[in-house]
Amino acid sequence: MAANRRNGMASPPHGLEEILSPAAPHPRTSLPNVATIVTTVAALYFGREVFLPIAIALLLTFALAPLVSALKRAGIPRIAAVIVSVLGAFAALALFSFIVATQVSELAQNIPVYQTNILTKIRSLKETGVGGGIIARLGKVVERVGQEIDRQETSPPAATPEKPPREPVPVEIVSRERPLEVLQNIVGPLISPLGSAGLIIVVVIFMLLEREDLRDRFIRLVGYGDLHRTTEALQDAGKRVGRYLLMQLVVNILYAIPIAIGLWILGIPNALLWGLLALALRFVPYIGPAIGMLLPLFLALAVAPGWSLVLWTAALFVVMELVTGNVVEPWLYGSRTGLSSLAIIVAAIFWTWLWGPLGLVLSTPLTVCLVVLGRHVPQFEFLDVLFGNEPVLEPHARLYQRLLAGDPDEATDHAEEMLEEKYLVDFYDKVAIPALLLGEQDRARGVMGDQQRRQLAASAQALVANLDESAQEEADEEDGTLVAEASDDGETAGEEEADLPDGTDMSVLCAGGRGELDDAAAAMLAQVLEVQGTTVSKAGFADMEPGGIRRLELDTVDTVVVGFLNPDSIKHARFLVRRLKRTKAALRVGIVFWSETGNEDKDAAVKLAQDINADFVAHGMMDAVVGALSNEPPVALKLVAKRRMRRQRATPRKASATAAS
């Protein structure tokens, strides 16, 4: 067999996939109770005036921590490095806010100018007939509704006598505000955001100065039982989250600059504003870029009387999104955020409901921090399960669930994805057989009924049948590899990499031991042997009954392999070996006690084989294939030798008895 396909796979990009590297698996994830969830959400909602600045400060602390560390390594004192980093960051944010406010004010003044172009486009639609019928009908409906409302409001009462209309009296309201009131109206709305900004600055400074102390306090609360592991995990997670936030900012800047330049070239007003909004909104994946594109598209609709500007604007955003998502992001840190797609959308809705527009912008970074916390701290593991994009079930448990649900098609899809990196023998050995072992455990515990067991076995058989094409492709690949190796000056170039022997000109019968699930495991082994070029036949567990063994056609069979998922089947295996060897003395008989982890103790396997008089005993798919394709002579049946000795002992006794008589 050629080298494993995984050796040729490219390594994943370095980004949040590294941040969210799987932690040690836990047997069970404990979920918080409903009261805890409701209390936490209520506290975040009603205490948003407090928690929102703290959340912003926390994210800025993560983002500025690498910069502070770099300045410290350059020889700048810690306090000076913190102050310079914080003031620089907030100066950039202040400049960003000032530019956005200026652009919005300018746009508000120019909006009435664009009304004519919008009306022109509506008229052109009506004149060309594109949707004209719908527009006309909607217009008539609105007009009729308005007339009906006006008629009800203007109808005079029946008993009211007619009076001459009175002329309206002009009224002029003169507002005389004092200078102090004018100053209060201007400064008042600015007090709250300025106060929040000042509070965030102070919190960020103290978080950066007391970062190690805060980390130690958090460890004391949630991870004191495993101090070394928790300290290392949190320190590593903090660095990686900070690096991700900085890289996300760089990616958004590289996305926003071409957007602003392109809109300016196209003639879209306030191009700088749309570029800055695209920069901020792209912190929200999927929906952020779409929201950032809507307003420029609407403005392109209003600026020019034609439709070409709208199409060019849409093309600019689509091209930049494709380039950024497929080129820039993988180049810098990897295109994934480590969150599932549904979790990103749900997180955006949740944080927007909690904290408004700022919550929308902060939704992904905040959720990423929560997932990192869940990866490293066992108490918060449920966050990783809820929001992470890593599979929460192990591959064999996931396959077992699909087979148990009677869905072999989805199980086949997962299997084909794995077979892109694994060989068939590896998939069966590490995933499919362990899945059947879970079913056998449930059967032994009495939690699986007969109907479920038969459905599980039928789904497993359907999975094997669906993988026939993949098995044939692998067999063709093996044949091509062997031909290439043989033609290389007579040398076998891949001899060291060959894992399984060639099964050409060999015949093997694969049979289940005691149930339908054993038959499914035997079908998997048979398919792997077929890939190796073996002539394979299959028999069910019912054929292994005393009456069925006599009807088996074993004349051309070299080896019979019987598999058991139940490890307590040694006595039954010994009985089958004896029956099969009595039927054909030159037959090699192997027994497989399927195990999820295999058995590295070769001496124990040899001893067990001698005990049950089998030619070999295997515990995994690889050992089963190697044993089935072995050229060793068959082991003689020990019971036959014992009976012969008994007969030899009985013969002198009969002779002496005859002489005495």
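**Strand 4 and Asp 518**

Biologist: Which residues point one way from strand 4, and which point the other way?

Modeller: A strand here is a DSSP run of E with at least two residues, a helix is a run of H or I with at least four, and both are numbered from the N terminus. The residues on either side of strand 4 are all buried, that is, under 20% relative accessible area with a 1.4 Å probe and protein chains only (exposed is over 50%, partly exposed in between). One way point Arg 588, Gly 590 and Val 592, and the other way Val 589, Ile 591 and Phe 593.

Biologist: What kind of model is this?

Modeller: Residues are numbered from 1 along each chain as its sequence is written, and side-chain values use heavy atoms, leaving out hydrogens and water. Local features need pLDDT of at least 70, side-chain atom pairs count only at pLDDT 80 or more, and totals for chains, interfaces and linings use all residues, for this is a predicted model.

Biologist: Why is strand 4 largely enclosed by the rest of the structure?

Modeller: Strand 4 covers residues 588-593. It is largely enclosed because the number of its six residues that are buried is six.

Biologist: Which residue of strand 5 stands opposite Ile 591?

Modeller: Two strands pair if DSSP finds at least two bridges between them. Strand 3 (residues 559-564) runs parallel to strand 4 and is joined to it by six bridges, with Val 562 opposite Ile 591. Strand 5 (residues 616-618) also pairs with strand 4 in the parallel sense, over three bridges. In strand 5, the residue opposite Ile 591 is Val 617.

Biologist: Which helix joins strand 3 and strand 4 in a right-handed β-α-β unit?

Modeller: A crossover is right-handed if, with the strands pointing away from the viewer, the path from the first strand over the helix to the second runs clockwise. The helix of this unit spans residues 570-583 and is helix 22.

Biologist: Which side chain of opposite charge is nearest to Asp 518?

Modeller: Asp 518 lies in helix 20 (residues 516-531). Lys and Arg count as positive, Asp and Glu as negative, and His and the chain ends are not counted. Asp 518 is buried yet has no salt bridge, which would be a side-chain nitrogen of Lys or Arg within 4 Å of a carboxyl oxygen of Asp or Glu. At 6.4 Å, the nearest side chain of opposite charge is Arg 514.

Biologist: Which backbone nitrogen does the side chain of Asp 518 reach?

Modeller: Contact means heavy atoms within 4.5 Å. Beyond its neighbours within four places in sequence, Asp 518 has contacts including Gly 512, Gly 563 and Phe 564. At 2.9 Å, its side chain reaches the backbone nitrogen of Leu 565.

Conventions
A polar contact is a pair of N or O atoms within 3.5 Å; within protein, one must be able to donate a hydrogen and the other to accept it, and residues adjacent in sequence count only if both atoms are side-chain atoms.
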